[in-house]
Amino acid sequence: MTDRYILAVESSCDETSVAILKNDDILLSNIIASQIESHKRFGGVVPEVASRHHVEVITTCFDDALQEAGIEPSDLSAVAVTYGPGLVGALLVGLAAAKAFAWANGLPLIPVNHMAGHLMAAREQQDLQYPLMALLVSGGHTELVYVTEPGAYHIVGETRDDAVGEAYDKVGRVMGLTYPAGREIDQLAHQGKDCYHFPRAMIKEDHLEFSFSGLKSAFINLYHNAQQKGEVLVIEDLCASFQAATLDILLAKTKKALAKYPSKMLVVAGGVAANQGLRERLANDIIDLDVVIPPLRLCGDNAGMIALAAAVEYEKKSFANLDLNAKPSLAFDSLY
């Protein structure tokens, strides 16, 4: 059997990444150029700045990925690229580079949904069994996705307002923590106790939708009111209370989804899947089902996850023409 090599490109937000996947699940390289230092001073990602940084480094990422993998463009079987969802300017940089490279080397182009990439990153951990339920948690998305077979993704629940990672960053900004704040809040939460009573929105309702706006507002109001009154809040306890409320919501909705949709396993993916508190709760609360979480290096945005998703699309011959355009609001089909 001839080996298959897929080059994948990811540029949906503030990481420029190019990876090479051999066959189904062997990542030969996964180059990531992060922009976090550039965006820290703004407390969040500035789209125009992100796009300019992608332009500056993307060709170098191509060269480094090929060199680290030890292959030539002539060895490749296909080029995969994220075409949505994401920041439109950032997506267009990756798309232009991927399409130019595919055309120059006579390679088929595979369009990949960014969230499918997060989900299928779990393939590097172990073989996935279908049907499965996936909890996708990141800075821009919080959704429950039912996967009936490889490549068949269906949203069964999603956030009505803020994504969970967005809520972490916003409360972190209020506390003066460094962007992105999720990791620091997680660390502080492990040093405190849940003593501030924050709301758990819609936790008892039967539907599978999430809401984090009320939790975020309650946190910010408590913090600002304490400042105005000169009261001292224990930051470790604040973080522990915020994280406890967040995880209660995520776990409650995930359990309801598993009860409603027969699943052989639960995949938890996205940047927030790196949260140690979430991993601990999953280990304690989901005991009758196999829980698969991508390794930490594949939780954030990276082209390796896009390549792992693209391998499934390659088998289905899901190729695109060179007029493929960015779809910043791209979403899976909905089952609700």
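**Close-up views of a predicted model**

**Figure 1. Two residues, Lys317 and Met202, have a positive phi although neither is a glycine.** With a relative accessible area of 64%, Lys317 counts as exposed, a term used for residues over 50%, whereas buried means under 20% and partly exposed covers what lies in between, all found with a 1.4 Å probe on protein chains only. This is a predicted model, in which local features need pLDDT of at least 70 and side-chain atom pairs count only at pLDDT 80 or more, while totals for chains, interfaces and linings use all residues. Residues are numbered from 1 along each chain as its sequence is written, and side-chain values rest on heavy atoms, with hydrogens and water left out. Lys317, whose phi is near 55°, sits in the loop between helix H10 (303-315) and strand E11 (333-334); here helices (H or I, at least four residues) and strands (E, at least two) are DSSP runs, numbered from the N terminus. Met202, with a phi of about 60°, belongs to the loop between H6 and H7, and its relative accessibility of 14% makes it buried. As a general background, most residues other than glycine have a negative phi, and most peptide bonds are trans.

**Figure 2. Two prolines, Pro131 and Pro180, follow cis peptide bonds.** The bond that joins Tyr130 and Pro131 is cis, with omega about 0°, and Pro131 is part of the loop between helix H4 (114-120) and strand E6 (132-137). The bond from Tyr179 to Pro180 is also cis, with omega near -10°, and Pro180 is placed in the loop between helix H5 (164-175) and H6.

**Figure 3. Tyr168, Phe198, Phe219 and Phe242 are linked into a cluster by ring pairs.** Rings of Phe, Tyr and Trp (its six-membered ring) are said to pair if their centres lie within 6.5 Å, and a pair is stacked if the planes are under 30 degrees apart, edge-to-face if they are over 60, and tilted otherwise. Counted in this way, there are eight aromatic pairs. Phe198 and Phe219 have ring centres 5.6 Å apart and planes at 35°, so this pair is tilted. Since Phe198 lies in the loop between helix H6 (182-189) and helix H7 (213-229), and Phe219 in helix H7, the pair ties together parts that are 21 residues apart in sequence. Phe198 is buried, with a relative accessible area of 6%, and Phe219 is buried at 0%. Phe219 also pairs with Phe242, and this second pair is edge-to-face, with 5.7 Å from centre to centre and 75° between the planes. It links distant parts of the chain, for Phe219 in helix H7 and Phe242 in helix H8 (residues 235-260) are 23 residues apart. Both Phe219 and Phe242 are buried.

**Figure 4. Helices H8 and H9 pack at an oblique angle.** The angle between H8 and helix H9 (residues 276-285) is about 45°, and their axes are 10 Å apart; axes are lines fitted to C-alpha atoms, for helices over the stretch in contact, and angles run from 0 to 180 degrees between N-to-C directions. The two helices are therefore oblique to each other, because angles under 35 degrees count as roughly parallel, over 145 as roughly antiparallel, 65 to 115 as roughly perpendicular, and the rest as oblique. Among the residues that make the contact (heavy atoms within 4.5 Å) are Leu247, Leu251 and Lys255 of H8 and Leu278, Arg281 and Asp285 of H9.

**Figure 5. Helices H6 and H8 pack roughly perpendicular to each other.** Their angle is about 105°, and their axes lie 7 Å apart. The contact is made by Ile185, Asp186, Leu188 and Ala189 of H6, together with Ile235, Glu236, Cys239, Ala240, Phe242 and Gln243 of H8. Sorted by class, this contact holds seven nonpolar, one polar and two charged residues, where Ala, Val, Leu, Ile, Met, Phe, Trp, Tyr, Cys and Pro count as nonpolar, Asp, Glu, Lys and Arg as charged, and the others, Gly among them, as polar.

**Figure 6. Tyr83 of strand E4 is buried.** Tyr83 lies in strand E4 (residues 78-84) and has a relative accessible area of 15%. The C-alpha atoms of Tyr83 and Leu324 are separated by 8.0 Å, although these residues are 241 residues apart along the chain. Leaving out residues up to four places away in sequence, Tyr83 touches residues including Leu91, Pro111, Asn113, Leu324 and Leu330.
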